[in-house]
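Subject: Handover of a structure and notes on its contents

Dear colleague,

Please find below the structure that I am handing over to you. My notes on it follow directly after.

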Amino acid sequence: MVELIITEKPKAAQRIAEALADGKAIKKGEKGVYYYEITHGNKDIIVGCAVGHLFGLAEREKKRGMSYPVFDVEWKPTYETTKSAAFSKKYFDMLKKLTKISDSYVVACDLDVEGELIGFNVLRFICKQKDAKRMKFSTLTKPDLVAAYENVSPHIEWGMAHAGETRHELDWYYGINLSRALTSSIKKAGLFKILSIGRVQGPALQIIVQREKEIASFKSTPFWQLEPEGTVKNGKLVAVHEKDKFWNKKEAEKSYAAAKGKNGTIAEVKKDEFQQQPPYPFDLTTLQTEAYRCFGAPPKATLEIAQEIYTSGLISYPRTSSQQLPPAIGYTKIMTALSQQQEYGALCKKLLQRQGLKPNNGKKTDPAHPAIYPTGLKPKNLDKRAQRIYDIVVRRFLATFSDAAIRETVSARIDVNKEIFVAAGTTTKYKGWHEFYGPYAKYKEKELPLVTKGETVKVDKLEMLAKETKPPTRYNQASIIKELEKRNLGTKATRADVVDTLYKRNYITGRALEATNLGKKIIETLSKYSPEIIDEELTRHFELEMEEIQEDKKKGSEVLEEAKGVL
């Protein structure tokens, strides 16, 4: 009896084979496609791999021209439908060959909607099986993989498989049909240009265009600020009038005239101590936004790098929406392993001296995976970009177990001829988690010189600054992903792709996302003639229905019939 384990990618096949093999995993293959023969206990096992999606949706019968709408689709091998996927035929053929010598099957693809669909399609179309056993894991480390195999589920995750299948069909219906409708309509106007729009792409572009409108229609309001610079016994300070912004110029001028050429007195000194709680563990969106803030890394690139680091066994599965680290992952075990790495040794030892380790978990959860965490395995030959992502994951993990930072704000009220000015500074009294998060901790140190009540302030300079209110800022690649998540548009794994597509279609441009003329005109046209296409509520409604399919509360066929009606 031979068992075939189906993995999502070649690197995962290698890691699973090496983890489960009682002896050495025997690598075999041809044309650059490899599988592994191993023995585990009394079982003979073959570990084979796909290379991502081996099947995609296509029209059952290709009609001439751009007929609308089209709903008659079927799953076809990607090498038949997409030129760039021609290389996948080798993997398709190898899996087909392996089924001829296999008696039972185990799906070991990534445990999420996409991974389940990849495994499900290989099972039904290549292996000709109706079901299989399922390995479930969040890291590609030996202990986790052995545990996943020893505790294998008797069935695949049907909820995920059906949700994945429905999502692909729904996105195909929307993407192909709406893009055809747009292209046909512009053709009737005498132009030919391939245009596209999608179920999430439409509302995402609408959000960016809406921001452009807010910026264009923004009318700035003038205001004035009074800023004295002064000298006290222990140094220099800069203050601002207690009113902060004067919206009336005459009122600002009156206060300016009263204080001009006068010295001041410290009327009051206040100290406020506050705690800055440690950050939550990383979910995918927070990792993407932090990598953008700290390194300027585009969210799509961050996900790709994190996925590579996961496949190397260094971090847990990155496509997660959880901000929680369960005790089952073994906090002490991970930190003990990390302490062997020079950069983290001293930090880990500090945490390991504590009585109990408890992370500052957030509220967001994920039914399949915990928050992102390092496994403790030592990296080898990571390039600069991967090293940075690995480092921020490790430091975030450590920071979440640390203490709150204690910061102190000192504010002084300065009386200058009955005009009150305020000078303030904030400093860190106790680093706490800042020490563990290192260069990624976001805070500013501004120290106020030591002052006492009644002390004289020699005013060296008093400025009346003319300013004006600024329009809202444009979204960047990180903030738009956060906004899409907030509005429940798209999924954690697809949002970065949606933004990438908007760039490729020339609908948006720049680091600060600016809608192009084409992007604005598309939204203008759709708003006027087909507002449903960019309707957030409709997109969100379908997202919630996907979740219901995953939870076995709804059938995919019902959702697809509803979508056909809408289209």
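How does D171 count in terms of relative accessibility: buried, partly exposed or exposed? D171 counts as partly exposed, because its relative accessibility is 33%, which lies between the limits of 20% for buried and 50% for exposed. Please note that all of this rests on a predicted model.

Salt bridges

The partner of D171 is R199, and the two side chains form a salt bridge with an N to O distance of 2.7 Å. D171 belongs to helix α6 (158-188), whereas R199 sits in the loop between α6 and α7 (201-217), so this pair ties together parts that are 28 residues apart in sequence. Unlike D171, which is partly exposed, R199 is buried, with a relative accessible area of 4%. In the structure as a whole, a search finds 47 salt bridges. As general background, side chains of opposite charge can pair when their charged atoms come close.

A second pair links R354 and D403, with the closest N and O atoms 3.0 Å apart. R354 is in the loop between α12 (345-352) and α13, and D403 is in the loop between α13 and β13, so the pair ties together parts that are 49 residues apart in sequence. Both residues are partly exposed: R354 has a relative accessible area of 30%, and D403 has one of 28%. There is also a network of salt bridges with shared partners, which joins E483, K486, R487, E536, E537 and R540.

Helix α9

Helix α9 covers residues 284-295. Its 12 residues should span 16 Å at 1.5 Å a residue, and this agrees with the model, because the end C-alpha atoms are 16 Å apart. Most of the helix is covered, with 10 of the 12 residues buried. Among these buried residues are L284, L287, A291, Y292 and F295, together with polar ones such as T285 and Q288. The cover over the buried residues of α9 includes α10 (299-311), α13 (384-399), α14 (433-437), α15 (477-486) and α16 (495-504).

Within α9, R293 and E290 form a salt bridge, their closest N and O atoms being 2.8 Å apart. The two residues are 3 positions apart in the helix, about one turn. R293 is partly exposed, at a relative accessible area of 34%, while E290 is buried, at 12%. After the helix comes G296, which has a positive phi near 70°.

Strand pairing

Strand β12 (residues 264-276) pairs with strand β15 (residues 456-468) in the antiparallel sense, over 2 bridges. In this pairing T265 stands opposite T456 of β15. Strand β12 is also joined to strand β13 (residues 405-416), by 11 bridges, and these two strands run antiparallel. Here E268 stands opposite R413 of β13.

A nonpolar surface patch

Which residues make the nonpolar surface patch of about 330 Å²? The patch is made by M66, F192 and I194. M66 is found in the loop between β5 (55-59) and β6 (73-77). M66 counts as partly exposed, because its relative accessibility is 38%.

With kind regards

Technical notes
Residues numbered from 1 in each chain as written. Predicted model: local features only at pLDDT ≥ 70, side-chain atom pairs only at ≥ 80, totals over all residues. Heavy atoms only, no water. Pairing = 2+ DSSP bridges. Helix = DSSP H or I, 4+ residues; strand = E, 2+ residues; numbered from the N terminus. Patch = residues over 30% accessible without salt bridge, like charges linked within 9 Å, V, L, I, M, F, W, Y side chains within 5 Å. Areas by Shrake-Rupley, 256 points an atom, 1.4 Å probe, with all protein chains shown as cover. Salt bridge = Lys/Arg side-chain N within 4 Å of Asp/Glu carboxyl O. Buried < 20%, exposed > 50% of the residue type's maximum accessible area, 1.4 Å probe, protein only. Expected span 1.5 Å × (residues − 1). Contact = heavy atoms within 4.5 Å.
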